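User: Hi! I'm new to this one and would like to learn how to read it. Can you walk me through it step by step?

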Amino acid sequence: MKALALFSGGLDSMLAMKLITSQGIEVKALNINIGFGGTSDKSEIMAKRAAMAGASFEVIDVRNTYLQEVLFNPQYGYGKHFNPCIDCHAFMFKTALSMLKDENANFIITGEVVGQRPMSQRNDAMAKVKKLALDEEDLILRPMCAKNLPITKPERERWVDRMKLENISGRSRKRQLELALKFGFEDFESPGGGCLLTLESFANKIKDFIKFDKNMQVNDAQLLKYGRHLRLPYGSKMIVGRNELENRFLKELKTDKYEELKLFDLVGAYSLVDKNINDKDLNLAFNIALTYAKTQPNTSYNIGFKEKIFKSVAFDDKNKIQEFFIH
């Protein structure tokens, strides 16, 4: 037998995999990358954690498909912010189910615990996920709470020993920590959101983006993760890096929708603006870009946009910029 596991890097997922590998079943951990899991690459850490549970590991990049099929038209709507949790979980399961044949695998596992999360881990939500994922054969097994749920095909066919699975429910972490101690797991991620779509500040950036541009692409979505995002008075967008790492990411992710504001010899933040920015917003963008550079008060500096060079000055007070931030 072989199982494919949806793996976020958290303790519940690690324990679910260990419960299955302990029964002599091969497990491959899949990190389904929808593009909104955070700002840092944790694939190396997740591979090590999967190995601790006895599983192999692979990242599955579905960012483009997720944008086109799930994010903007979820059948079961959003949570508190821009998080289509039920549709998102179903999409991940559907992705994994579609891989079973090529992976020569038999079923899917996940670290979900019934009652742990208010939107996606209720009994009724799990039923909706099953329907959307087209799991007609009952191939989705949740080892951490299996005894609280209807029996699945892996249990019914005796591929898995149901008696060796768990009956955890609710938000308490006591049993998970007991199992972590039993299996010797010391390196695991603390429970938490992890998904940027659940954050109000990030949701506002998405809402602002699609208000002005309905055609969000993968790099557009990734750009929302980094820098200060500003909407200027006449509708133009500006992004300003907050540190050297963000400056580098913004350079790498730059699309043909944006143009760089060149600071030449000045040391400062990397700035992007809409390529079709109007003149009034452009002049303001010059002021803002210079405000986040090492400049002298009341001093004019060269700043480049496309192939032209302009003169501008920095604001004497950064608070003048606050009203344009997208929070």
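Analyst: Sure, let's start at the surface. The chain exposes about 16300 Å² of accessible surface, and carbon and sulfur atoms account for 48% of that. Keep in mind that this is a predicted model.

User: What does the chain span along its principal axes, and how many helices and strands does it have?

Analyst: The C-alpha trace spans about 75 × 40 × 35 Å along those axes. You'll find 11 helices and 11 strands in the chain.

User: How much of the chain is buried?

Analyst: A residue counts as buried when its relative accessible area is under 20%. Here that goes for 52% of the 327 residues. Contacts add to the picture: of those with a separation of 6 or more, 64% are between residues 24 or more positions apart.

User: Okay, now a single helix. Which residues of helix 3 are buried?

Analyst: First the general idea. An α-helix makes a turn every 3.6 residues, so residues three or four places apart point the same way. Now the case here: helix 3 covers residues 63–71, and Tyr-66, Leu-67, Val-70 and Leu-71 are buried in it. Looking down the axis of helix 3, you'd see its buried residues within an arc of 115°, so they line one face of the helix.

User: And what covers the buried residues of helix 3?

Analyst: The cover includes helix 4 (85–103) and helix 9 (218–223).

User: How many residues of helix 1 are buried?

Analyst: In helix 1 (residues 11–21), 10 of the 11 residues are buried, so this helix is largely enclosed by the rest of the structure. Among them are Leu-11, Met-14, Leu-15, Ile-20 and also Asp-12. Strand 1 (2–6), strand 2 (26–33), helix 2 (43–52), strand 4, strand 5 and helix 7 (174–183) are included in what covers the buried residues of helix 1.

User: Let's turn to charges. How far apart are the mean positions of the positive and negative charges?

Analyst: They are 3 Å apart, taken over 49 positive and 42 negative charges.

User: How many salt bridges are there in the whole structure?

Analyst: To read one, check whether a side-chain nitrogen of Lys or Arg sits within 4 Å of a carboxyl oxygen of Asp or Glu. A search of the whole structure turns up 22 salt bridges.

User: Which parts does the pair of Glu-112 and Arg-142 tie together?

Analyst: These two side chains form a salt bridge at 2.8 Å, N to O. Glu-112 is in the loop between strand 4 (107–110) and helix 5 (123–132), while Arg-142 is in the loop between strand 5 (140–141) and helix 6 (153–156), so the pair ties together parts 30 residues apart in sequence. Glu-112 is buried, at 4% relative accessible area, and Arg-142 is buried too, at 9%.

User: Lys-130 and Asp-135 are another pair. Is each one buried or partly exposed?

Analyst: Their salt bridge is 3.6 Å, N to O. Lys-130 is partly exposed, with a relative accessible area of 31%, whereas Asp-135 is buried, at 5%.

User: Where do Lys-153 and Glu-137 sit?

Analyst: Their side chains meet in a salt bridge of 3.2 Å, N to O. This pair links distant parts of the chain, with Lys-153 in helix 6 and Glu-137 in the loop between helix 5 and strand 5, 16 residues apart. Glu-137 is partly exposed, at 47% relative accessibility.

User: Which residues do salt bridges with shared partners join into one network?

Analyst: That network joins Lys-2, Glu-26, Lys-28, Glu-58 and Glu-103.

Definitions and conventions. Residues numbered from 1 in each chain as written. Predicted model: local features only at pLDDT ≥ 70, side-chain atom pairs only at ≥ 80, totals over all residues. Heavy atoms only, no water. Helix = DSSP H or I, 4+ residues; strand = E, 2+ residues; numbered from the N terminus. Buried < 20%, exposed > 50% of the residue type's maximum accessible area, 1.4 Å probe, protein only. Contact = heavy atoms within 4.5 Å. Areas by Shrake-Rupley, 256 points an atom, 1.4 Å probe, with all protein chains shown as cover. Lys, Arg positive; Asp, Glu negative; His and termini not counted. Charge placed at Lys NZ, Arg CZ, Asp CG, Glu CD. Arc of directions from axis to C-beta.
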